[in-house]
Amino acid sequence: MSDDFEAMGPVDYLVVEFPGNRMTGEGFPLLVDLVDRGIIRILDLLFVRKDEDGSVAALELTELGDEVDLTVFEGASSGLLGQDDIDEAGAALEPGNSAGILVYENLWATPFAQAMRRSGAQLVAGGRIPVQALLASLDAVEATASDKPVAG
């Protein structure tokens with residue numbers, strides 16, 4: 001197990017909500033492309049639904065409808081995701097919506113992660129800045145800059 005850890009890149013997860021259980025599948029070919037190019041490795045992909053009464057259930061790929069072909073993702077399960085993860089994802093969802101939970105290894109960062117481990121370094125914190133927060137911050141900086149008088 002220790003050797004497996006030493007060879008891995010950073011692992012992240014995403015929970016992507018689909019309002020009204022409507023999934024177009026537009027992003028799935030892009031996800032497959034990331035895998036094909038060796039940028040990420042999918043460890044788990046699970047879909048959940050939150051009913052109007054607040055109950056949350058995992059969905060089989062076949063339950064997602066015929067509009068989206070997800071057969072390429074069949075078997076994408078390492079067993080990392082459990083009921084606690086399903087419940088946590090469900091807590092973030094609005095009733096009547098569904099979500100995909102994706103756990104993936106960042107293969108592009110594996111050489112860097114291995115070098116850091118060899119040198120004794122370890123990741124002690126991480127995070128993600130939501131795009132909406134980044135844009136709001138940039139807008140605030142721009143507004144502040146436009147309020148300053150120009151020296152002349």
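Leu-102 makes a good way into this predicted model, as a residue with a long list of partners. Setting aside residues up to four places away in sequence, Leu-102 touches Asp-12, Tyr-13, Leu-14, Leu-31, Ile-42, Asp-44 and Leu-45. Some of these names come back in the largest nonpolar core, which has 13 residues. Leu-31, Ile-42, Leu-45, Phe-47, Phe-73 and Leu-102 are the ones with the most contacts inside that core. At least two of its residues come from each of α2, β2 and β4, and β2 supplies the largest share, with four residues. Apart from this core lies another one, made of 10 residues, including Leu-46, Leu-81, Leu-93 and Val-103. As a rule of thumb, nonpolar side chains tend to be buried together in soluble globular proteins.

Stepping back to the overall layout, the protein chain holds five helices and four strands. Read from the N terminus on, the elements follow the order α-β-α-β-β-α-β-α-α. The protein chain has 152 residues, and 27% of them count as buried. Contacts reaching far along the sequence are a big part of the picture: among those between residues at least 6 apart in sequence, 82% join residues at least 24 apart.

Next come the pockets. The largest pocket holds about 520 Å³ of space. It is lined by 19 residues, and Pro-10, Val-11, Ala-113, Leu-123 and Ala-125 are the closest to its centre. Three elements give two or more residues to this lining: α1, which spans 2-7, β1, which spans 11-18, and α4, which spans 110-118. Of the elements, α4 gives the most, with four residues. Sorted by class, the lining of the largest pocket comes out as 11 nonpolar, four polar and four charged residues.

The second largest pocket has about 380 Å³ of space. Of its 18 lining residues, Val-16, Gly-27, Phe-28, Leu-31 and Leu-102 are the closest to the centre. Leu-31 and Leu-102 thus turn up again here, having already been listed among the residues with the most contacts inside the largest nonpolar core. At least two residues of the lining come from each of β1, α2 (28-36), β2 (40-50) and β4 (98-106). By class, this lining has 12 nonpolar, four polar and two charged residues.

A few single residues round out the description, starting around α4. Arg-117 sits in helix α4. With a relative accessible area of 19%, Arg-117 counts as buried, because the cut-off for that label is under 20%. A polar atom of the Arg-117 side chain lies 2.9 Å from the backbone oxygen of Met-8. Ser-119 is placed in the loop between α4 and α5. Its relative accessible area is 55%, so Ser-119 is exposed. The side chain of Ser-119 reaches the backbone oxygen of Met-116 at 2.8 Å.

Gly-126 is also found in the loop between α4 and α5, the latter helix covering 131-147. At a relative accessible area of 73%, Gly-126 is exposed. Along the chain, Gly-126 and Asp-12 are 114 residues apart, yet their C-alpha atoms are separated by 9.9 Å. Asp-12 has been met before, as one of the residues that Leu-102 touches.

Ala-89 belongs to helix α3, which covers residues 83-92. This alanine is buried, because its relative accessible area is 5% and buried means under 20%. Leaving out residues up to four places away in sequence, Ala-89 touches Val-15 and Ile-101. The C-alpha atoms of Ala-89 and Ile-101 are separated by 7.6 Å, with the two residues 12 apart along the chain.

Definitions and conventions
Residues are numbered from 1 along each chain as its sequence is written. This is a predicted model: local features need pLDDT of at least 70, side-chain atom pairs count only at pLDDT 80 or more; totals for chains, interfaces and linings use all residues. Side-chain values use heavy atoms; hydrogens and water are left out. On a 1 Å grid over the protein atoms alone, a cavity is a set of points where a 1.4 Å probe fits but cannot get out, and a pocket is an open set with protein on both sides within 12 Å along at least five of seven lines; lining residues have an atom within 4 Å of a point. Grid points are joined across faces, edges and corners, and a volume is the space filled by probe spheres set on the points. Ala, Val, Leu, Ile, Met, Phe, Trp, Tyr, Cys and Pro count as nonpolar, Asp, Glu, Lys and Arg as charged, and the others, Gly among them, as polar. A nonpolar core is a set of buried Ala, Val, Leu, Ile, Met, Phe, Trp, Tyr and Cys residues joined through side-chain atoms within 4.5 Å. Buried means under 20% relative accessible area, exposed over 50%, partly exposed in between (1.4 Å probe, protein chains only). Contact means heavy atoms within 4.5 Å. A polar contact is a pair of N or O atoms within 3.5 Å; within protein, one must be able to donate a hydrogen and the other to accept it, and residues adjacent in sequence count only if both atoms are side-chain atoms.
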